[in-house]
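Here's a quick tour of a two-chain model, written for someone who'd rather be at the bench. Keep the viewer open and follow along.

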Amino acid sequence: MSVLEVRSLLVRYGGNPSPTLEEISFSVPRGSVYALLGRNGAGKSSLVRCLLGQQKPTSGECFLFGEGVWKRRARLMAKVGVVPEDPDAPPSMTARQLSAFCAKLYPSWDAPSVEARLARFGVPAGTPFGSLSKGQRALVALALALASSPELLVLDDPTLGLDAVARRAFFEELVGELADRGTTVLLTSHDLAGVESMATHVGFLKDGKLALDEELETLKARFRRLRYANEATEDRTEFGQELADFDAVRVKVRGWGVEAIVSNYEEESFARFTALEGVVDAESSALSLEEIFVAIAGEASPGRNA
Amino acid sequence: MGRMTRGLTVDPSDSAPLWRQIEDNMRRLVASGALKPGAAVPSVRDLAKELSINPATVAKGYQRLVDAGVLTVRRGEGTFVADKPPVPPRGEREKELEAGALRYASLAVTLGASNEEAVVHVRGRLDFLRKKREGGAE
């Protein structure tokens, strides 16, 4: 069963002619790490708010553990741990006090785990939240999110603005949680390198629609960069048809030849391609998730979420 | 742990899936003698933490190595390099050798190496690995 399921979600804000989210449907299988990617304004934040029952969609529905989120929010949220993009808490409260406060709300609150994690992170449990750095606040939020042993962890761009040490600590703890409990994770992130080594599934929001929704391994296998030179031969009558077998996302003609990014690479079709009349020195290379992102988004950087 | 995993690195931007990279690299460490029969390998959790990758990915690579007889799991103790190096079925062994040779041959051709030059390097590396295994030096 899916831990999370979104069905035909539509979100339209008043005064805005085009919907912010349109026809969004996907599901997050148990034990997976689902990365939700998209540029600024692609609708990630709206989607996350709907998923957490913080916002009522214009139409469509989100389900957590098979139940509608909007109607059963209070009950369902007990099984969800959330690390928001900008963790917020009363600035005068220490992490220890926050933990004690949360313990009253969750029946199975593991207070010692909070202390243990903060010790591992090197974050003082007795310092007021408002005096902690951004990285320390994110780590406190993670320690609190994990203390209820959630079945689903929602991370909204958690490593944004963290330094290398805090980022490493964050991922180590996440890995430990995945190894120990197999927790299902939904995350949004601008840290594509981090996502690439952690995610099992990728969803890509573009202009309010879900442009991609598939396993990371499949995605990486089908996207490839081809480089080749076009040679005029006696038997050759036309150029530009050589890529007909591929779905070319981008094609650039360069001084030495052609560079194309294709979205349906297969060994066999590439072998046929290399044998085409006039196609010489053809080679294919893998793309990083970031390169795939850029090819789809059509921009150099995913940018910061507003 | 650092010592055991030295040389076991992965590259998320590589075209090979991460579990395959773990599988291949661990095989290489065993083949080179850097990991001796009976040696302990890091737990799934530790290796995942060290490489900052999803533990399910490490587990998949390990499972394939266990299935292939390269690693063994001793309940409650951990995962170890198998006592006897695995002998894959004849056909499969042949296929793997061919596939590996094809990868190297493609590289050599791409770099414009002559057959003689390419073969010299293969011989050199073979000698190097065998000496390492026999000498027992890491």
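At what angle do helix α4 and helix α5 of chain A pack, and how far apart are their axes? The angle is about 150°, and the axes of α4 (residues 111–121) and α5 (residues 134–146) lie 9 Å apart. That makes α4(A) roughly antiparallel to α5(A), a label used for angles over 145 degrees. Axes here are lines fitted to C-alpha atoms, for helices over the stretch in contact, and angles run from 0 to 180 degrees between N-to-C directions.

Before going on, some ground rules. This is a predicted model, in which local features need pLDDT of at least 70 and side-chain atom pairs count only at pLDDT 80 or more, while totals for chains, interfaces and linings use all residues. Residues are numbered from 1 along each chain as its sequence is written, with chains lettered from A and ligands numbered from 1 in the order in which they are written. Helices (H or I, at least four residues) and strands (E, at least two) are DSSP runs, numbered from the N terminus.

Back to that helix pair. On the α4(A) side, the contact comes from S113(A), V114(A), R117(A), L118(A) and F121(A); α5(A) answers with L139(A), V140(A), A143(A), L144(A) and L146(A). "In contact" is shorthand for C-beta atoms, placed from the backbone, lying within 7 Å.

Now for the sheet in chain A. It's open, has 6 strands in the order β6-β7-β8-β3-β9-β10, and its pairing is mixed. Two strands pair if DSSP finds at least two bridges between them. β6 (80–83) and β10 (209–215) of chain A sit at the edges with a single partner strand each, so one side of each has no neighbour in the sheet. On average, neighbouring strands are turned by 15° against each other, direction ignored. β9(A) and β10(A) run antiparallel and are joined by 6 bridges, and here F204(A) stands opposite L212(A).

Helix α10 (residues 289–297) of chain A packs on this sheet, touching β3, β9 and β10 of chain A, and its direction makes about 30° with that of β9(A). Its buried residues are L289(A), I292(A), F293(A) and I296(A); buried means 20 or more other C-beta atoms within 10 Å of a residue's own, exposed means 12 or fewer, and partly exposed is in between. Those four cover an arc of only 100° around the axis, which puts them on the same side of α10(A). The arc is taken over the directions from the helix axis to the C-beta atoms. Among the elements covering them are α7 (192–198) and α8 (216–222) of chain A. After the helix comes G298(A), with a positive phi near 75°.

Another glycine, G53(A), is in the loop between α1 and β4 of chain A. With 19 C-beta neighbours inside 10 Å, it counts as partly exposed. Leaving aside neighbours within four places in sequence, G53(A) is in contact with V69(A), W70(A), R73(A) and M77(A).

Finally, chain B, at a glance:

| Feature of chain B | Value |
|---|---|
| Helices and strands | 6 helices and 3 strands |
| Buried residues | 21% of the 138 residues |
| Residues in contact with chain A | 15 residues, with 16 residues of chain A |

From the N terminus on, its elements run α-α-β-α-α-β-β-α-α. On the side that touches chain A, α3 (44–51) and α4 (55–67) of chain B are the elements giving two or more residues. α3(B) gives the most, with 4 residues.

How values were computed: Contact = placed C-beta atoms within 7 Å. Parallel < 35°, antiparallel > 145°, perpendicular 65-115°, else oblique.
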